[in-house]
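This report walks through selected contacts in one model. Please look at the sequence and structure first.

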Amino acid sequence: MRLFPRLLRLKIMFVGRHFVFCKCTALLSLRILLLVPAGLPVQTQGDSQSDKNIMDNITVRQGETVFLRCTQGEIVTHTAWLNRSSILYAGDEKWSVDPRVSLVTLNQEEFTIKIENVAMTDEGQYVCAVQTSRRPTTNVVHVHVQVPPKIINLSRDIVVNEGANVTVLCQANGKPQPSVSWKLISSSGDLATDDEYLEIPSITRHRAGTYECTAVNDIDTDTETIDITVNYAPTVSDGRDIGVTLGQRGVLECEADAVPEADFEWYKDDRRFINGFDGMEIVNTGSLSKLTFFNVSDGHYGNYTCVAINKLGSSNTSFVMYVVIEPTSATLFQGPRAVQDGSGSTLGVQLDICLLFIVFLPFLLKF
Ligand SMILES: *[C@@H]1O[C@H](CO)[C@@H](O)[C@H](O)[C@H]1NC(C)=O
Ligand SMILES: *[C@@H]1O[C@H](CO)[C@@H](O)[C@H](O)[C@H]1NC(C)=O
Ligand SMILES: *[C@@H]1O[C@H](CO)[C@@H](O)[C@H](O)[C@H]1NC(C)=O
Ligand SMILES: *[C@@H]1O[C@H](CO)[C@@H](O)[C@H](O)[C@H]1NC(C)=O
Ligand SMILES: *[C@@H]1O[C@H](CO)[C@@H](O)[C@H](O)[C@H]1NC(C)=O
Ligand SMILES: *[C@@H]1O[C@H](CO)[C@@H](O)[C@H](O)[C@H]1NC(C)=O
Ligand SMILES: *[C@@H]1O[C@H](CO)[C@@H](O)[C@H](O)[C@H]1NC(C)=O
């Protein structure tokens with residue numbers, strides 16, 4: 001019965017010293033009201049009479065467990081752990097309603113509690129208040145909570161037309177505050193920036209691709225990527241004229257660079273070709289369109305135009321498909337002259353004989 005009021009008085013002492021500037025929780029107020037009989041003299045204690053120990057700061061990652069350890073050494077009568085000014089534990093009695101807080105050790109040497117699944121809001125000053133037979137001591141420890149970087153606000157994939165001014169954003173949080181950077185990773189482009197905002201004025205097709213945002217702090221790294229698609233009008237590569245022998249297979253190839261991919265149209269003179277018509281076939285595979293004639297006939301020779309079209313524009317090129325006379329044994333033997341002009345050949349033979357005669361005339365005259 002003699003011990004009980006002393007214990008109360010000590011609790012009030014702790015409360016008196018640490019609760020002066022705080023908004024007490026309802027629970028705490030209730031406990032104090034219940035514990036303090038009216039008229040009980042409340043012992044007050046000046047700061048001059050207590051020792052204050054600053055302990056090493058503790059750094060803990062979000063989600064981990066932190067142990068708050070306080071050495072006691074002397075004959076301890078009462079002891080408490082406080083978060084700012086709320087009592088977490090008074091001796092082995094738990095005052096905190098937080099289930100993450102629990103007692104680890106309480107004996108003459110040490111008083112240790114732990115906080116599991118540490119959150120950002122747990123950061124701050126914790127105090128171990130010890131009442132020994134001689135004087136009260138407060139041990140102050142700062143808990144710093146580290147949070148790995150997390151990208152919280154990232155622009156979506158975008159599709160723009162060439163020439164547009166592009167701005168994309170990547171915001172990250174974490175503790176310490178992470179630094180954010182952007183990099184073009186899909187092509188050899190060396191575009192990079194050390195900022196939350198990536199600004200690309202008047203974007204070109206060469207700057208299209210996958211961009212990576214990286215958020216880094218002392219603890220970890222977070223990365224995300226976005227795709228920037230740049231649309232542009234088609235450009236067809238120059239058509240290559242082809243020679244085809246009558247009755248053979250003929251292929252015209254038309255290649256277009258475009259985003260989005262181009263649609264192709266084929267014309268002969270002003271007539272549009274429709275697939276599967278007149279013994280020919282059009283096959284489009286991505287950027288390439290092939291017009292195939294399975295059996296070239298006289299009517300197929302001529303000038304063809306390939307037109308590549310997307311929503312940003314069009315481009316065209318023309319090809320000439322010309323006749324190639326298949327070399328036969330006869331044409332090889334006679335040479336091109338025989339094909340060109342039959343009437344000249346008899347004259348040629350006569351000339352040759354004349355030449356021979358002139359060359360050999362001096363020898364003939366010697367005999
Ligand atoms: C401990 O943390 C407090 C609060 O952030 C700071 O003021 C103090 O300088 C730190 N002490 C050490 C030794 O880092
Ligand atoms: C410590 O106090 C802060 C502020 O009142 C609170 O948000 C936090 O949850 C408390 N942490 C513990 C472990 O009691
Ligand atoms: C993301 O950033 C945009 C642009 O600054 C802003 O309007 C939006 O509110 C941000 N969203 C979040 C969740 O922070
Ligand atoms: C891009 O920005 C420049 C400079 O601010 C401006 O002059 C131009 O008109 C913008 N272009 C487009 C397509 O908005
Ligand atoms: C090509 O067409 C000609 C004339 O129409 C025909 O005589 C010939 O047999 C055809 N050749 C093939 C391989 O189909
Ligand atoms: C083929 O046709 C295109 C368009 O009609 C024209 O520009 C081009 O000069 C023609 N080529 C030849 C060799 O006739
Ligand atoms: C081909 O392109 C030229 C200009 O490059 C244009 O004048 C012409 O009309 C185009 N032809 C077709 C069939 O689209």
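Lys-290 is partly exposed, with a relative accessible area of 34%. The model is predicted, and the values below are computed from it. Lys-290 forms a salt bridge with Glu-253, the closest N and O atoms being 3.8 Å apart. Glu-253 lies in strand β19 (residues 250–259) and Lys-290 in strand β23 (residues 288–293), so the salt bridge ties together parts that are 37 residues apart in sequence. Glu-253 is partly exposed too, at a relative accessible area of 43%.

**Salt bridges**

The count comes to 9 salt bridges. Side chains of opposite charge can pair when their charged atoms come close. Three of the pairs are tabulated here.

| Salt bridge | N to O distance |
|---|---|
| Arg-100 and Asp-98 | 2.7 Å |
| Lys-175 and Glu-123 | 2.7 Å |
| Glu-253 and Lys-290 | 3.8 Å |

Which parts of the chain does the pair of Lys-175 and Glu-123 link? Lys-175 belongs to strand β12 (residues 166–175). Glu-123 sits in the loop between β8 (110–115) and β9 (124–132). The two residues are 52 residues apart, and the pair links distant parts of the chain. Lys-175 counts as partly exposed, with 25% relative accessibility.

Asp-98, the partner of Arg-100, is partly exposed as well, with a relative accessible area of 23%. That falls between the 20% limit for buried and the 50% limit for exposed. Asp-98, Arg-100 and Asp-122 form one network, joined by salt bridges that share partners.

**Ligand 2**

Two members of that network, Arg-100 and Asp-122, are among the residues around ligand 2. The others in this shell are Asn-83, Arg-84, Leu-88, Val-101, Ile-115, Thr-121 and Tyr-126. By class, the shell divides into 4 nonpolar, 2 polar and 3 charged residues.

Which side chains make polar contacts with the ligand? Asn-83 places a side-chain N or O atom 2.3 Å from an oxygen atom of ligand 2. For Arg-84, the distance from a side-chain N or O atom to a ligand 2 oxygen is 2.7 Å. Asp-122 faces a nitrogen atom instead: one of its polar side-chain atoms lies 2.8 Å from a nitrogen of ligand 2. Taken alone, ligand 2 exposes 360 Å², and the protein buries 67% of that.

**Ligand 1**

What surrounds ligand 1? The residues are Asn-57, His-142 and His-144. A polar side-chain atom of Asn-57 lies 2.5 Å from an oxygen atom of ligand 1. For His-144, a polar side-chain atom is 3.0 Å from a ligand 1 oxygen. Taken alone, ligand 1 exposes 360 Å², of which the protein buries 32%.

**An open sheet**

How many strands form the open sheet, and in what order? There are 5, in the order β18-β25-β24-β20-β21, and the pairing is mixed. β18 (242–244) and β21 (271–272) stand at the edges. Each has a single partner strand, so one side of each is left without a neighbour in the sheet.

At one of these edges, β21 pairs with strand β20 (residues 263–268). The pairing is antiparallel and runs over 2 bridges. Within it, Lys-268 stands opposite Arg-271 in β21.

Key: Residues are numbered from 1 along each chain as its sequence is written. Chains are lettered from A and ligands numbered from 1 in the order in which they are written. This is a predicted model: local features need pLDDT of at least 70, side-chain atom pairs count only at pLDDT 80 or more; totals for chains, interfaces and linings use all residues. Side-chain values use heavy atoms; hydrogens and water are left out. A residue is near a molecule or strand if one of its heavy atoms lies within 4 Å of it. A polar contact is a pair of N or O atoms within 3.5 Å; within protein, one must be able to donate a hydrogen and the other to accept it, and residues adjacent in sequence count only if both atoms are side-chain atoms. Accessible areas come from the Shrake-Rupley method with a 1.4 Å probe; for residues, only the protein chains shown count as cover. Ala, Val, Leu, Ile, Met, Phe, Trp, Tyr, Cys and Pro count as nonpolar, Asp, Glu, Lys and Arg as charged, and the others, Gly among them, as polar. A salt bridge is a side-chain nitrogen of Lys or Arg within 4 Å of a carboxyl oxygen of Asp or Glu. Buried means under 20% relative accessible area, exposed over 50%, partly exposed in between (1.4 Å probe, protein chains only). Helices (H or I, at least four residues) and strands (E, at least two) are DSSP runs, numbered from the N terminus. Two strands pair if DSSP finds at least two bridges between them.
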